[in-house]
Amino acid sequence: MQYTQLEEINTIIYQHIEAILKRLNHRIHFRLYSIAIDENNKADEIRRVKKTISTQAKNDKNSTECTTRYEYVNDPLQEIKQVYSELELLVQQEDTLTKGNLHELIIASKQSYVQQYTEQFHSVPISSRSIESASKDESAQLTKEYIEDHRLLYAGTFEVSQQTESPYTVIYLLGIRNLEPNVQHTYYSKPDVSFIRMVLDYFFLDFFTEGKLELKLLSESISKYELIRKYQENEVQFLRRINRLFFGKMQMILHQSSSNIVSEYSNTVKSEYYINNLLENIDDISTQTYEGASPFGSMLFLRNSDIKVKQGPVKFAIEFKTDDLISIEDAKRIRKLLEMTNVKKHLYLISDGNWVYGVGEIQWDKLKETTSFRIDFKGISKYNLVSINFDQSPNVVGELILEGEKTIYRSNTDYELTYQTLVSVMFKNPKIGEEGYTSERMVAILRETFQGEDAALASDKISDLDEIIRKAREQHHGTMVVITDSDTAEEELDILRKQSTLIEPCEVHPDHIKFLTAIDGAIYFDTEAKCHAIGVILDGIAQPELGDASRGARFNSAYRYYSKLESEGKKCVIVIISEDGMIDVIPSFDDEEKVLDLVEEIIDVLDQREEPERDLLLQRKEGQLLKLKKTDFQPLMSLAQKFGSKQKYDKARLYYDEAFGIAGNTFIPAKYHNWRGACYYHLGLFLDSAVMIETAIEIDQRNDFVYIGNAGRAYLEEAKKSKGSKEENHRWLLKSLSLLEESIDRKMFIQGKDSNMAGLYNSKGICYYQLTKNTTNETEDLKYFEESVVAFSMALEWEPSARIILNNRAGVLQETDKPLDAVKDYIEGYFVSSEDEERTYNFGEIKSLMESNSDITLDVVKFYRELVQKDHNQIYEELENLFSTLESKAQPGLDTQEAAFSSEQNKEV
């Protein structure tokens, strides 16, 4: 079956999903696989869709296109098991895929991902007492794995319309990682209130026309397409629409007779969600100020029946009169009432989504396993939707009691109150996760940065630093927290004393952090969690390649300061808390976008910079790249390919090796094995090269004629350089010859005329020539010489003006005592030479042959004159002089011009 323009469709789907997920949380990374299904419901064409860096120079691009290097690749995979393996799914499933199978895959992914998460959660707690039981290195490693394993799997389907053929089905498997624990937990345990699940469901159900894909050509000149969207909305508008629907869904759950959440693994498009206006009401409240202060506080949403029941779960501090309840639409009054709430004291405004009933606290044991919702206001146009769960937790402590003849085991029942932030809204835009900061991630960064410094890695101090950062986040105007070792802190603050307030190094109570960061500048800590200064104005060296114009002064000054310390070999971590709530941590070891950006910058340097400036900049950029954690091999492949194109094969090899190491059990397409083999070939590692290229041959049966030829060349070069026995050399040559002939046959059959055929025939000719060195049989020797000449002649049919091939054939003809034909090839090679050095070599061979074979002079001169005429009477002085002199000697009576060669000229030649 033909899957028309599936690659273009996959690329567009990838771009939409990327834009959506990155807007939800810029730290999210994902893998996308497309599986086209045939008429028998079998996985027919499987592609891994990825974003990577193009190695093409920016100035080579069409001027109307964006200047980024990003390109999208559709790597073909051979079977569905490779997809499961790369997603690390513990499934045993056939190639048949249905919607039922997709549901089973989601369940399987829960077993695969959540089990790993649970195991590593217990391995790497945040508490200092537990973490000390592991070695420093081991703890750091476990923490990294812990962060990696917060992932999920999503599966969706599209019908693709075709103009000339019947539509076909594409299944997309989406592996999303770098999530935070609560996002993963909600997705799998309470999918009906998972925001990311609703976003993805509606993307596949309601973003395009009736969930069907239809390509539209935007530009014929550059073959640019787009998929027809149902509402012509972009990703920002789509997320805002889904946010409204999500709040409408939560309001509907509140209005149901039971607010227990059911675990449904799919959303359906429901118009009822549109009529609920909870989001608009909350958004109105978030824009109100009270006496100039931004809105902070909390509202708790319960079912109407839970609020009104006597002796119910709500214990009111103040309860409004029944005939004077406050409407949820009265934003100004509610904003004023928020001043009376205190989330730490569990004191909330109580609402059912329509009315506000008062201010109170909750007796959670009377709600038990019911889910309630809370809105936490975080400032102007910022708020979080939080689900609160009161679940029974087993108590392992109990006792046996004897009462008469009865034996009773008595234990207390514990209930656990858990909070899950379902979605955060900032200026109408929904977000998930903590936007760059979690305790687990901070532990990993601190350990990675300060590893090897015994005192700096004390786990209780890491917990203290984490608590300090969390308290600094309460500073609504934004701030920065700088962490270095104590020696660096003293040295730096001595330099910065005129732009900071120095204090005696001491531990600061976390509750005081909010007030100490109220002034401009950073707060400066060492790795012992001792504060050295407040109000520090960070200073760094401005450099053309540093900074981000889209970010504010706080971020850019922090980045420059970090770069300054890094260049001095000093270790540092900086946490930047922006006014808009965004949190950045420098350095960031797990940011794939940063990896892509650095790879792009390195490629730019290779394309645009000149030495020695280039080498210094490359060294700095590559040092930054080395520190980052890489989870995708593709960017490093692009970087290796670029270094190879610049003939920096040692560097290319390093990046190829690292890329293959990162890939692990990930399927690697044949072309990458071939590229890596080509790199090893240029480094003279021919046998390794041949093995790599043969792996490409095994993977790709359709294009293997290219790889077969490359493997043949590698074995040929191994034979030429090998110092082994004649038998070993002979074996490599025969293997090379077999591969070259197979490649030629396949190329002729599949592609017909191809300029690369000249290279294959040339290698074949060299292979036959090398075989003559390993035989003592004159008949066999002559046969190999003849086959060599035939191969070179075939190569010249494909590329008549190839000097190297002409010279190669000339050399064989010379050894087989055919000086006339040899000289003719050397003369033609001279004519097509582009460099003086090449002509000098050919001239020397011509002169030597002519001097030792005077009987061919007239035939050679005639051939030469004919070539001159064909070449528009192009005359080369040294050839003209040589042939005039030789012609004069051969026919003394003819009038010819004199040609004299000085001894120095003859010596040079």
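Contact here means heavy atoms within 4.5 Å. In this predicted model, that criterion places Ile-196 against Leu-21, Leu-24, Leu-152, Ile-176, Leu-179, Val-183, Tyr-187 and Ile-432, when residues up to four places away in sequence are not counted. Ile-196 also belongs to the largest nonpolar core of the structure, which holds 173 residues. Together with Ile-13 and Leu-173, Ile-196 touches the most other members of that core. Apart from it lies another core, made up of 29 residues, including Val-599, Ile-602, Leu-606 and Tyr-656.

Charged pairs were examined next. Side chains of opposite charge can pair when their charged atoms come close. A search of the whole structure finds 37 salt bridges. In one of these, the side chains of Glu-280 and Arg-244 meet at 2.4 Å, N to O. This pair links distant parts of the chain, since Glu-280 lies in helix α10 (residues 278-286) and Arg-244 in helix α8 (residues 235-255), 36 residues apart. Both partners fall between the limits of 20% and 50% relative accessible area that bound the partly exposed class: Glu-280 counts as partly exposed because its relative accessibility is 31%, and Arg-244 counts as partly exposed at 22%.

A salt bridge also joins the side chains of Glu-741 and Lys-764, with an N to O distance of 3.7 Å. Here, too, distant parts of the chain are linked: Glu-741 is in helix α25 (residues 726-750) and Lys-764 in helix α26 (residues 756-771), 23 residues apart. Glu-741 is partly exposed, at 28% relative accessibility, whereas Lys-764 is buried, with a relative accessible area of 15%.

A further salt bridge is formed by the side chains of Lys-564 and Glu-568, at 3.5 Å from N to O. Lys-564 is buried, because its relative accessible area of 15% is under the 20% limit. Glu-568, by contrast, counts as partly exposed at 42% relative accessibility. Lys-564 and Glu-568 are members of one network, in which salt bridges that share partners also join Glu-491, Glu-492 and Lys-570.

Helix α26, which contains Lys-764, also packs with helix α28 (residues 803-815), and the axes of the two come within 11 Å and cross at roughly 25°. Angles under 35 degrees count as roughly parallel, and α26 and α28 are therefore roughly parallel to each other. Their crossing is left-handed. On the α26 side, the residues that meet α28 are Ala-758, Asn-762, Ile-766 and Tyr-769. Their counterparts in α28 are Ile-805, Asn-808, Val-812 and Glu-815.

Gln-770 likewise lies in helix α26. Gln-770 counts as buried because its relative accessibility is 13%, under the limit of 20%. Residues up to four places away in sequence aside, Gln-770 touches Leu-716, Lys-720 and Leu-733. The C-alpha atoms of Gln-770 and Ser-788 are separated by 9.3 Å, and these two residues stand 18 residues apart along the chain.

Conventions:
Residues numbered from 1 in each chain as written. Predicted model: local features only at pLDDT ≥ 70, side-chain atom pairs only at ≥ 80, totals over all residues. Heavy atoms only, no water. Core = buried A, V, L, I, M, F, W, Y, C linked by side-chain atoms within 4.5 Å. Buried < 20%, exposed > 50% of the residue type's maximum accessible area, 1.4 Å probe, protein only. Salt bridge = Lys/Arg side-chain N within 4 Å of Asp/Glu carboxyl O. Helix = DSSP H or I, 4+ residues; strand = E, 2+ residues; numbered from the N terminus. Axes fitted to C-alpha atoms, helices over the stretch in contact; angles between N-to-C directions. Parallel < 35°, antiparallel > 145°, perpendicular 65-115°, else oblique. Left-handed = near helix turned anticlockwise from the far one by under 90°.
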